[in-house]
Amino acid sequence: MDALGLLRPGASVSGLPAAHTPGAATGFALGDHAGRAQAAPAAEPGVVASTASGPLQRRFQPYQNNGGTVLAVAGKGFCVVASDTRLGLGYSIPSRKVSRILKMTDKVVLASSGMQADMLTLHKTLRMRLVQYQQTHQKHMSLTAASQMLSNMLYTRRFFPYYTFNVLGGIDENGEGWAYGYDAIGSHEKVSAVCSGTGQTLIQPVLDNQIEFKQQWGAPKVDLSLEATVELIRDAFTSAGERDIYTGDFVEICKITKDGVDVEEFQLKLD
Amino acid sequence: MFRNQYDTDITTYSPQGRLHQVEYAMEAVKQGSASVGVRSKTHVVLATLKRFASELSGDQKKLFAIDDHVVIAISGLTADARVLSRYMRTETQHHKFMYDEPMPVGRLVLQVADKCQISTQRASKRPFGVGLLVAGVDENGPHLYQTCPSGNYFEYLAMAIGARSQSAKTYLERTYTTLAEAGVEELIQSAVTALRETVASSKDTELTTKNTAIAIVGTDGSGMRVLENAAVQPYIDALDAASPASDDEEEDGDGDNAAAAPAAAAPDAAAGEAAPAADAPAEGPADMQT
């Protein structure tokens, strides 16, 4: 996924290949390719008038990126899921406080960045499925079941995806903490630490190094405590907020332990 | 009921203007085991008598949670009840998805009633053989509804359906005026007392923790609770302490563990048959999982 292409203000995210344009992208691409002519923003949202190559034409643009960074870090007997709360659009901030987090059960929390509208609908649909599961099976969904279900749900929209970048975190049935990272169409992987969204490239390397001790030779691999993990996550968001314009305002941190989900919030810079 | 030449088809009226098949369907409800519902200003309580298909089996489910704010008690064909409860569950979830609010109970019951009515007007279908007591709370407060195979539905302050429900109704008719102001514990107790009336006529049966299930929905934010097994013990104990509403056996000391299977003078709803059956004498320890 070409993340850089999405950061240019006014950049279009073409979900559908433009017809009738010579040299149009063949196949299906999320994100403008560098070198393609910039599309001029149009008055109607979702519709882009392209002026550069060839005659004036309109294209249906179903997606927009509202930015935001989400992450999940698992430890011994706990998992922390966190996200910022800024809603961005181009160079503007439509809202400083939107929640990207869905508390699925007392042991499973989902955070989604990307397009706000798709995130809301995805979360609403997930809520329905959770209730249905609970009524049929007389128990709450486990972390592994939820992770698979989310993947399936995303893939059923393979050809018109939810523009969401999800991370799932929680405690599994053995009491171990785990995190899952997803792409927009449901490819997922169980990991100890994952970050998604506009701050992904800034934070993921730090998590790799500090949680999983990658690229460190001879360093003792210690299990971080819950408090140390939260401290690291605070620092990660503060740093990402400095460099990424789409990350900022507030951070919601959900700490999942066997005792349930505890939510705390702290403030980032508003610039 | 009597057989006659106008009862073969659901789509045939009798000269008296009756649809006999629909009435026979309502008979199936009367053959199911009893369910009682009572309502106060703040809560609705359902108390149900669970029936066992045989000594070897577990009990038949009588209470179905529909959403956080609605629970139903069924009497009649359990399989038909499953279909209706599945429909109610999807409708409430759909409503919440579309409107971000819990579904108003009356709307839900109306949809269920319409669904029941459809199968009374098609030659290719048969009516649903189950009656529901729907207990729920919405912004207008607590509600208790009854639905029929005919597609009729009514709202009640107190109601009982199923086998020997008339005894419970007689008791409720005497006491329902006190229900409005009752606290939740008092309300549960009156539901259980009314339920006891439905077994009172038979010497071998009594309410036990194994055959009684209670559901409560309230406006006080407590949501919906289902009480089964040990949780119903206090209310059963309080029955012996209270003065009986009609003459019935007071088998004190024979409380919970020696649960004789309820003698069924009516066919088992579990089998899904509405054929009349002889009294099934069920003696001996009924050591069943609920």
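Modeller: Before we start, a word on handedness: a crossing is right-handed if the near helix is turned clockwise from the far one by less than a right angle, and left-handed if anticlockwise. Please keep in mind that this is a predicted model.

Colleague: Thanks! Is the crossing of α2(A) and α3(A) left-handed or right-handed?
Modeller: Helix α3 covers residues 143-155 of chain A, and its axis comes within 12 Å of the axis of α2(A). Going by the turn of the near helix described above, the way α2(A) passes α3(A) is right-handed.

Colleague: And how are α2(A) and α3(A) oriented to each other?
Modeller: Their axes cross at roughly 130°. Roughly antiparallel would need an angle over 145 degrees, and roughly perpendicular runs from 65 to 115. The angle fits neither class, so α2(A) and α3(A) are oblique.

Colleague: Which residues of α3(A) make that contact, and how many nonpolar residues does the contact have?
Modeller: On the α2(A) side are A:L122, A:T125, A:L126 and A:R129. They meet A:M149, A:L150, A:M153 and A:L154 of α3(A). By class, the contact has one polar residue, one charged residue and, for the nonpolar class, six.

Colleague: Let's look between the chains. How are α2(A) and α2(B) oriented?
Modeller: Helix α2 of chain A spans residues 116-137 and helix α2 of chain B spans residues 78-99; they pack at an angle of about 160°, with their axes 10 Å apart. With the cut-off for this class at over 145 degrees, that angle makes the pair roughly antiparallel.

Colleague: Which residues of α2(B) does α2(A) meet?
Modeller: From α2(A) come A:T121, A:K124, A:T125, A:M128, A:V131 and A:Q135. By class, this contact has three nonpolar, five polar and two charged residues. The partners in α2(B) are B:R89, B:Q93, B:H94 and B:F97.

Colleague: Back inside chain A, how far apart are the axes of α4(A) and α5(A)?
Modeller: Helix α4 covers residues 200-210 and helix α5 covers residues 226-243, and they pack at an angle of about 150°. They are therefore roughly antiparallel to each other, and their crossing is right-handed. The distance between the two axes is 9 Å.

Colleague: How many charged residues does the contact of α4(A) with α5(A) have?
Modeller: Here A:L202, A:I203, A:V206 and A:Q210 meet A:L232, A:A236, A:A240 and A:R243. Six of these residues are nonpolar and one is polar, while the charged ones number one.

Colleague: Where in chain B is the pLDDT below 50?
Modeller: Chain B averages a pLDDT of 84, and 80% of the residues score at least 70. The stretch below 50 has 82 contacts in the model beyond near neighbours in sequence. Where pLDDT is low, predicted coordinates should not be read in detail. In chain B, that stretch is residues 246-290.

Colleague: What is the mean pLDDT of chain A?
Modeller: In chain A, 82% of the residues reach 70 or more. The pLDDT is below 50 over residues 10-29, a stretch with 36 contacts beyond near neighbours in sequence, and also over residues 31-42, with 23 such contacts. The mean for the chain is 87.

Colleague: Last one: which residues of chain B does UniProt list for "domain: Proteasome alpha-type subunits"?
Modeller: The listing comes from an unreviewed UniProt entry. In the model, the end C-alpha atoms of this span lie 19 Å apart, and the span is 39% helix and 0% strand. The entry gives residues 6-28.

Terms used. Residues are numbered from 1 along each chain as its sequence is written. Chains are lettered from A and ligands numbered from 1 in the order in which they are written. This is a predicted model: local features need pLDDT of at least 70, side-chain atom pairs count only at pLDDT 80 or more; totals for chains, interfaces and linings use all residues. Side-chain values use heavy atoms; hydrogens and water are left out. Axes are lines fitted to C-alpha atoms, for helices over the stretch in contact, and angles run from 0 to 180 degrees between N-to-C directions. Helices (H or I, at least four residues) and strands (E, at least two) are DSSP runs, numbered from the N terminus. Angles under 35 degrees count as roughly parallel, over 145 as roughly antiparallel, 65 to 115 as roughly perpendicular and the rest as oblique. Contact means heavy atoms within 4.5 Å. Ala, Val, Leu, Ile, Met, Phe, Trp, Tyr, Cys and Pro count as nonpolar, Asp, Glu, Lys and Arg as charged, and the others, Gly among them, as polar. UniProt positions are given in the numbering used here, feature names are shortened, and annotations may be inferred rather than shown by experiment. pLDDT is the predictor's confidence in each residue, from 0 to 100.
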